[in-house]
Amino acid sequence: MSSQDEKTKKPFDKKKWRTKKYSNKQKFQEWNERRKKAVIRDYYKELNKSGIEKPLNTSNGEDINLTNQQKRPNPYKEAQERYNQIQEEKKARRFEASKKKEEIRQALEEYKQKKKFKNKKLGKKTKKGQPVMKERLELLLEKIQASINT
């Protein structure tokens, strides 16, 4: 009789199928379970990479299991700590990038100021429209002194 029971089909449960197919709550639960399994899988991969071996259960399996559970950190917490560490690194990189951007902006501002100053001196003209040579000679002198100092 057991062979006949196995061969007969179970009746189709439309309500169960509908909830599985369309329910957001059900989909979220499935996604959450997959995510937790992935975190645990990554944790064990990390353990294998670091070379930490799992202790063997030789005597009193229950006692060793309890002590291992107490000593072993929660994989979810491990993943959370790793996530926080990554976030801190990102924050540090953003800070460095903003600092670098600020330095570049400041250097550009100085460059524009020098250029404006230089153009102002070079742009001076006499009443007849000739360039003022005094200003040009001063700029050349500054350039020579800067090259000698460096």
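How many aromatic pairs does the count come to? The count comes to four aromatic pairs, where rings of Phe, Tyr and Trp (its six-membered ring) pair if their centres lie within 6.5 Å, and the structure also holds four salt bridges, each a side-chain nitrogen of Lys or Arg within 4 Å of a carboxyl oxygen of Asp or Glu. The model is predicted, with local features needing pLDDT of at least 70 and side-chain atom pairs counting only at pLDDT 80 or more, while totals for chains, interfaces and linings use all residues. Residues are numbered from 1 along each chain as its sequence is written, and side-chain values use heavy atoms, with hydrogens and water left out.

**Salt bridges within helix α5**

- E109 forms a salt bridge with R105, in which the closest N and O atoms are 2.9 Å apart.
- These two residues, E109 and R105, are four residues apart in helix α5 (residues 75-122) and are therefore separated by about one helical turn; helices (H or I, at least four residues) are DSSP runs, numbered from the N terminus.
- E109 is partly exposed, with a relative accessible area of 49%, and R105 is partly exposed at 42%; here buried means under 20% relative accessible area, exposed over 50%, and partly exposed in between (1.4 Å probe, protein chains only).
- A network of salt bridges links E102, R105 and E109.

**Salt bridges that reach helix α6**

- K121 and E138 meet through their side chains in a salt bridge of 3.4 Å, N to O.
- This pair links distant parts of the chain, since K121 lies in helix α5 and E138 in helix α6 (residues 133-149), 17 residues apart.
- K121 counts as buried at 12% relative accessibility, whereas E138 is partly exposed, with a relative accessible area of 31%.
- K124 and E135 also meet in a salt bridge, at 3.8 Å from N to O, and this pair links distant parts of the chain, with K124 in the loop between α5 and α6 and E135 in helix α6, eleven residues apart.
- K124 is partly exposed at 41% relative accessibility, whereas E135 is buried, with a relative accessible area of 11%.

**Aromatic pairs**

- One of the four aromatic pairs is formed by W17 and Y22, which are edge-to-face, with 6.1 Å centre to centre and 85° between the planes; planes over 60 degrees apart count as edge-to-face, those under 30 as stacked and the rest as tilted.
- W17 is partly exposed, with a relative accessible area of 39%, whereas Y22 is exposed at 54%.
- Ring pairs link W17 and Y22 with F12 into a cluster.
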